[in-house]
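Please look at the sequence and the structure below. The report after them goes through the contact between two chains, then the empty space inside, then one pair of charged side chains.

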Amino acid sequence: MVKFLFIVAWRNFCRDKLTSFIQLTGLIIGIASFILIQLYVDHQKSYNTAFTDAKDIYRINLLRGENKPQAQTPLRLSRELRQNFSQVEDATRVSPANVSVKYLQSVYSERALYADPNYFEFFDFELLEGDINTALDAPDSLILHQDLAVKYFAGIAGVIGKRLTINGKEHQVTAVIKKPTTPTTMPLTMILPMVNYYAQFSNPEWIDAWNFNATRTFAKIPQKSAINTLTATISDYYDSRAKGLSSYKTNRINIQPLLDIYLDNTTTQSLTPPSSAVMVLIFSIISMMILVLACVNFTNLSTAAAMRRGKEVGVRKALGASKRQLISQYLAEAVMLSALASVFAVALVALCLPAFNQLMNVELLFDFSVSQALQLLALTLLVGILAGSYPAFYLSNLSPAHVLKGLVTTSKSGVWLRQSLIILQFAIAAFLLVASLVVNWQMQYIKNMEQGFDREGVIVISRGDNTYNAFKNQALRHPDVLSVTMSHTVPTKATRTSNTVRRLDDISNEIWVGNNPVSLDFFKTYGINLLSGRAFSNAYINDAYQENQTNWQSSTGKLMINQTLAATLGWSPEEAIGQLLTLGGGQDGLHNHQIIGVVEDSHYVNVKNIVPPMTYVLSAQPEDLSLRWTSIRFKARTSYKALKEIELIWLGLAPDLAFKYDWLSDLFDSSYRNETQQTELLNVFTLLAIVVTAIGLFGLAAFNTQRRVKEIAVRKILGASTGQLCFMLVNQFSILVVAANVIALPLAYLLMRDWLDNFIYRIDMPYSAFLLSAAFSLVIAYFTVMVIAYRAATAKPVDSLHCD
Amino acid sequence: MIKINNISRSFIGDEVETVAIDEMNLTINKGEFLSILGPSGCGKSTLLNVLGMLDSIDSGKFSFLDNPVDKFSEQQRAKLRKQHIGFIFQNFNLIDELTVEQNIELPLYYHNVAKAERKKLVDAVLKRVDISHRRKHLPAKLSGGQQQRVAIARAIVTEPDLILADEPTGNLDSKSSTQVMTLLQQLNQDGATIVMVTHAAEHVCYSSRVIELLDGKIINDHQVDGEVQSGNDEINGMAKGEKNQQTFAEVSCG
Ligand SMILES: Nc1ncnc2c1ncn2[C@@H]1O[C@H](COP(=O)(O)OP(=O)(O)OP(=O)(O)O)[C@@H](O)[C@H]1O
Ligand SMILES: [Mg+2]
């Protein structure tokens, strides 16, 4: 019986090849897109799920003043949690830092994690070698992730006991971590004992300071119900200790589940750049939409084809087929087609996955596990039943008497359904079109907007304090080098935000500012324009900033500020010059400094953040710990050779310190990488949605036109021109497309307005996107239908007149 | 009006080649009402389609109102057809979605006739075929005879010089058939040239001339109330005779 069902289904499939082919193509694209996006969405949601205790692990974030939550916490927090809060079962710390690794004759820069010995009790990675319980006990121990073991020792076996010199100190490999298949926010790099982190501090008091945030704290809290009260009590505990140490009025914490970290892009300073939960949601929705589009194609074409099959139904019924038998017949056909489509779709996904992985910079696997196979089976059945049920019930409900009278062809409900489905499809397509246009333009705008600094031709190198002066001298002698500077932060990276300034005549009014200690030539190196006054210069001995911690009043140094701060203070750039500002507060005493220059606003992290009011102070000594980056501006079109020569200068002065540089333009691009990728993904799937919609329209147009061949012939004989006929055939669809736009565009408007409102720097709502989308969907519809209309309109009328 | 010389039209099917028109010669004069008779499959419809420029010919000469149609492009033929010819079909070929009125208006629309003028012409022609009371109906609601009258109205509304009718009474009962034939006769008397294919020998009486086809050739050609004429001497050498006499005895009106 079942075999018979499929034989008939197969014959029907072959009988109307064009319709079947279109249905199949639509389903293949729909299912393949769905699988691909779901793989991606699953991947995005699966971060950190591999850890055994993942559900009980939380990250403690600080909420200071009005700042966004931050992941950096005091080093002592973990100990305090363990000792004073019984619900916290355990806590651990992770601090990332760039280190220089010396191996054989070369020096490499690596990102390392300094971790507590109980790191693996939280993050139980699988080890290839070594003992998980003791791997971090010895102060010179070193744990490598698989890729690093391969990089340094060309293999993963027998690596234990091998040595690497890290920041000048010899370390011995104690374990090698197997590359995990599930993604994690814990960077896959080298892990070093936390004690070595302390060794880098110039001030040992920082280890116990409540206002020195230098680690990410993770806590194990098995009792979920305790989270709310814990949040309150830990916040109070922290506040009572941190209060007064900085100028922040409030000091709170929040407790964030480990599983939420990756999709939270509000909290700053995560170990891995976060993705966006909203984007993941949007992609889930898009994948559903494309699947719906494909099912709609199927339903649409099946009911259309049903008219032709009306006779078959009549005959079958006359022969005694029951309604149930008919329904199962037509459902079997739909499921068979969707199964066929699934097979092709799987092949298509396998084919596209490498390109997709490259586009999205992920490592998705489609390994066809049992669960994936079951999901696919479920999907196939769902699609088959979803797409096939309307045609099945529709066909089986036809009365044979009606069929024989030829009344099926004029079934109003069928026509109405098909038209609403076309409208639905075009509404989805138009919606996605507007969304991707707006998203693309906004992203374009963000990337191209004035950043206030010149990002071409600048490299940013890790800190090289001891040798900075000599390096600067030698580097400036290189013909390609324009300037060299050091600074606390550089554009694309975060600024300090915990400082306040006040006007002398309004001392009670604190203004929160970002602060960037810089050395000479910073503004020149970054191309930040001076609006008034002058830049720091060694011609003036009093420019350098020097706090006097015993007598705050006698602190010295000049200030440069940005335009926003000048405006906040109520001064024009010119008026600001020569004014005194009061710094300090909190634990520190107040001290006054004179403004000598005002510079244009420049963005720091990225333009998703507003430009803060900024102060710049001159840090005269390269040893000053607040100077974290060395930057070099090159003349235009510098060569790789020049970079090599600079590296030689660097290594000649500091043989143990890796010359690790990044082009500022790359840092800039990578700060938008997630958005850029997701925009591209949106584009690809918008295109696919349009293709699926066009395929469906093509099928329906072909069908409709076929139904009307006789009418077309008659009109032609009555004198209609080819143009008139094409217009008539195309026009019936343009009303539907217009209706679709009328539905979709207001919806798109509302959503896009909300989305744009999330940006501080944003384009105005681009109404042209709506026009373009409407025009484009019309063009697509016209073009698709025209192919068929033209063929029909130019056919010889005599061929189609005498049938029936 | 129409002159065809040695025209042929054959269809190449999957296996066999069917010669639907075989080196045919025929002249049709203005004002004639020509009936075409013959058994099924002898090429009547094909000939009518060729005359109406719906179908092309493989060889031979075809002139229509002194236009060398055989040398014309598809587009030129379409233009000629639009200007001069009206069609009536056995199965009416009305457009189901359009009302009676709209069906009749359609060719005027394609002839770029202004709206007011269209209305006037449609009104006149509706009266002429006596179907005014059904003007707002859809074709499906009409009887076969009424539908055919609408089709005729549609064919004549542009006042074509030539009306081609392929078995216009084929789907009608005898009463409706008579109505339709009378209407055609009137049109002919008003000056239209008509070429009609028919199976019903009795309808030949309404026409002025009859030709009989067999296997793509004309085997008889005569004026309805005049002498029997041979259409083609070559074939009529053998075709003349009792059998033909008998045929025409059946169709002669009197
Ligand atoms: N489009 C076509 N393709 C192939 N063969 C055709 C085509 N049109 C007509 N024929 C063949 O040409 C021959 C003549 O057909 P035609 O339709 O002219 O016959 P007819 O005299 O009108 O017959 P009837 O009285 O049944 O309408 C037939 O054998 C027919 O099968
Ligand atoms: Mg015929």
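The text that follows describes a predicted model.

Residues are numbered from 1 along each chain as its sequence is written, and chains are lettered from A and ligands numbered from 1 in the order in which they are written. In this predicted model, local features need pLDDT of at least 70, side-chain atom pairs count only at pLDDT 80 or more, and totals for chains, interfaces and linings use all residues, while side-chain values use heavy atoms, with hydrogens and water left out.

**The interface**

Chain B gives 20 residues to the contact and chain A gives 17 residues, where contact means heavy atoms within 4.5 Å. Together the two chains bury about 1700 Å², and 56% of this is on carbon and sulfur atoms. Buried area is the accessible area (1.4 Å probe) that two parts lose on being put together, summed over both. B:Leu54, B:Asn93 and B:Tyr110 supply 33% of the area that chain B buries against chain A, more than any other three residues.

Across this interface there are 0 salt bridges; a salt bridge is a side-chain nitrogen of Lys or Arg within 4 Å of a carboxyl oxygen of Asp or Glu. Polar contacts join 2 residue pairs between the chains, both at pLDDT 80 or more. A polar contact is a pair of N or O atoms within 3.5 Å; within protein, one must be able to donate a hydrogen and the other to accept it, and residues adjacent in sequence count only if both atoms are side-chain atoms.

**The largest cavity**

A cavity is a set of points on a 1 Å grid over the protein atoms alone where a 1.4 Å probe fits but cannot get out, and its lining residues have an atom within 4 Å of a point. There are 6 cavities of 30 Å³ or more, and the largest has a volume of about 80 Å³, the space filled by probe spheres set on the points. Both chains appear in its lining, which includes A:Ile717, A:Leu718, B:Phe87 and B:His111.

The table sorts two sets of residues by kind. Ala, Val, Leu, Ile, Met, Phe, Trp, Tyr, Cys and Pro count as nonpolar, Asp, Glu, Lys and Arg as charged, and the others, Gly among them, as polar.

| Set | Nonpolar | Polar | Charged |
|---|---|---|---|
| Side of chain B that touches chain A | 8 residues | 5 residues | 7 residues |
| Lining of the largest cavity | 6 residues | 3 residues | 3 residues |

**A salt bridge**

Over all chains the count is 37 salt bridges. In one of them, the side chains of A:Arg79 and A:Asp208 meet at 3.2 Å, N to O.

Notes
1 Å grid on protein atoms, 1.4 Å probe; cavity = no way out; pocket = protein on both sides within 12 Å on 5 of 7 lines; lining within 4 Å.
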